[in-house]
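Here's a quick tour of a protein model, written for someone who likes to poke at geometry. Have the viewer open and follow along.

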Amino acid sequence: MVRACDSARVNANPMNTPNFLDRYFSISARGSSVGQEVRGGFATFFTMAYIVVLNPLIIGTVADKTGQFLGDGENPNIALVAAATAFAAGILTIIMGVFGRVPFALATGLGLNAFLAFGIASQMSWEDAMGLVVLEGIVIAILVVTGFRVAVFHAIPAQLKTAISVGIGLFIALIGFVDAGFVRRMPDASGTTVPVKLGALGNGSLTGWPTLVFVVGLLVTAFLVARRVKGAILLGIVGTTVLAMIVEAIGKVGPQTPDGSNPNGWSLNVPAWPKNFIELPDLSLLGQFSLFGSFAKIGGLAAVMFVFTLMLADFFDTMGTIVGVGRQANLVQEDGTVERTKEILLVDSLAAAAGGAASVSSNTTYIESAAGVGEGARTGLASIVTGVLFLLAMFFAPLTEIVPFEAATPALVVVGFLMMTQVKEIDFSDFETAIPAFLTIVLMPFTYSITAGIGAGFVSYIAIKAFRGKARDLHPLMWLVGALFVVYFALEPLKSLLGLS
């Protein structure tokens, strides 16, 4: 009797009733605690915070067709892009936490930003290029709402989707090697048809302190990744930057000069103590996009193809990331879907458009969210913690201006490796799929174009299937996509034929 009374008093105790925070995020129901969520949020942030440095180095250092850099300047403004990158990641990750209620963080997608910088901005202004990203995000959001996204997802063979990720990985690695000066483009007067060679002088030997810093940074970052150290990529960037600052303080290497008189100098930035470690973030990049300006610059068909290619690059990784991280967090249901799938996909799709509107490229769900899940995160509260940390990172944007290419690009090479690991999912004994996958992978770095790689893979896949009498096996959407790519590749000859060029 006493025990029954005690039990009644315990159950009546409001302290044992889950509070609003617990109920809203289902913290207890998912076997978590506020402490676990906070630890998980910190772990995810430190694992993916490298994007605040890498994204400005990818999109902030490339001039558009008009010769302007992001922010309409004649020189790169790394801190400006870093602040906007952190702001977008922070706001969108918080939205995912509140609306999706899952421990998934978002930030600018690597690979997609490289395509935007090297494949699109070279043909139009940055404002027009960001407008295409906004359109791509809107299209994906519509596909989510209508349920069509799943249909498109199933229309394209899984191994071609994998090949796209692998090819982008090789492309990113090549950018890393070139930007670090580990390999150099050969000038037209060099008397060779080889496009790049090893070393600053292109003679097959490595010279200069910056090159040594890159090599050491690559080895250290690779070691940290191999040891599964949490935050390995960020630690690699920070450690290599510190080494670069020490080398510069002792050796007075100086920057590379436009006239080529100091080929062994630092590229992008000279590593030195900044004047300010903390300052109010400059968010003037937000809203610098033109929704339909690209259509007037390059034509409707080319603009549509760019939107489609952006969508392909942004489209499939999210599904795999959500399922993979969701399974680790025990959020996958019996039918193979993740709790609140529609809400998650909608936030992710709108994040693509928001990334374009913020002028930092499409934002997407990060696989690094698994680091937080590994620390016990199970709910959206962890995402809110991660998002707040990204917002705080805005105030430290000046620190990105001390990072030379040689200190940051080891991370690009390692990220390229991580994306390359997916190649094992391709069955190279099945030539019908393996050959198109191979063309997709190799043509991205060889042509310096993600569009060319995807297009070649799709067209060759359709052609091989058709020649082998298996045209009926192809999804109608594949035929549509293939036809669009054929027109895209033949656009200039068609213009000449019709007298339009």
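Is the crossing of α9 and α17 left-handed or right-handed? This is a predicted model, and in it α9 and α17 cross in a left-handed way. Two packed helices are described by the angle between their axes and the distance between the axes. Here, the axes of α9 (residues 158-179) and α17 (residues 405-420) come within 7 Å, with a crossing angle of roughly 160°. Angles over 145 degrees count as roughly antiparallel, and α9 and α17 are therefore roughly antiparallel to each other.

**A helix on the inside**

Now jump to α4, which spans residues 51-59. Nine of its nine residues are buried, so α4 is largely enclosed by the rest of the structure. Among those buried residues are N55 and P56, along with I51, V52 and L54. N55 also has a partner from far along the chain: its C-alpha atom is separated by 7.7 Å from that of V360, and their positions lie 305 residues apart in chain terms. V360 sits in the loop between α14 and β4. Like N55, V360 is buried, with a relative accessible area of 0%.

**Two odd backbone angles**

Most residues other than glycine have a negative phi. Two residues here go the other way, R228 with a positive phi of about 60° and S359 with one of about 65°. Both are in loops: R228 is between α10 (209-226) and α11 (232-251), while S359 is between α14 (341-357) and β4 (363-365). That second loop is also where V360 is found. Is S359 buried or exposed? S359 is buried, because its relative accessible area of 0% falls under the 20% cut-off. R228, at 70%, counts as exposed, since the bar for that is over 50%.

Here are the relative accessible areas for a few single residues:

| Residue | Relative accessibility | Class |
|---|---|---|
| V34 | 43% | partly exposed |
| R228 | 70% | exposed |
| S359 | 0% | buried |
| V360 | 0% | buried |

**A greasy spot outside**

V34 brings us to the surface. Which residues form the nonpolar patch there? They are L21, V34, V38, F42 and F46, and together they have about 380 Å² of accessible area. Helix α3 (residues 34-48) gives the most to this patch, with four residues. V34 is in that helix, and its 43% relative accessibility makes it partly exposed. An α-helix has 3.6 residues a turn, so residues three or four places apart point the same way.

Technical notes. Residues numbered from 1 in each chain as written. Predicted model: local features only at pLDDT ≥ 70, side-chain atom pairs only at ≥ 80, totals over all residues. Heavy atoms only, no water. Patch = residues over 30% accessible without salt bridge, like charges linked within 9 Å, V, L, I, M, F, W, Y side chains within 5 Å. Areas by Shrake-Rupley, 256 points an atom, 1.4 Å probe, with all protein chains shown as cover. Salt bridge = Lys/Arg side-chain N within 4 Å of Asp/Glu carboxyl O. Helix = DSSP H or I, 4+ residues; strand = E, 2+ residues; numbered from the N terminus. Buried < 20%, exposed > 50% of the residue type's maximum accessible area, 1.4 Å probe, protein only. Axes fitted to C-alpha atoms, helices over the stretch in contact; angles between N-to-C directions. Parallel < 35°, antiparallel > 145°, perpendicular 65-115°, else oblique. Left-handed = near helix turned anticlockwise from the far one by under 90°.
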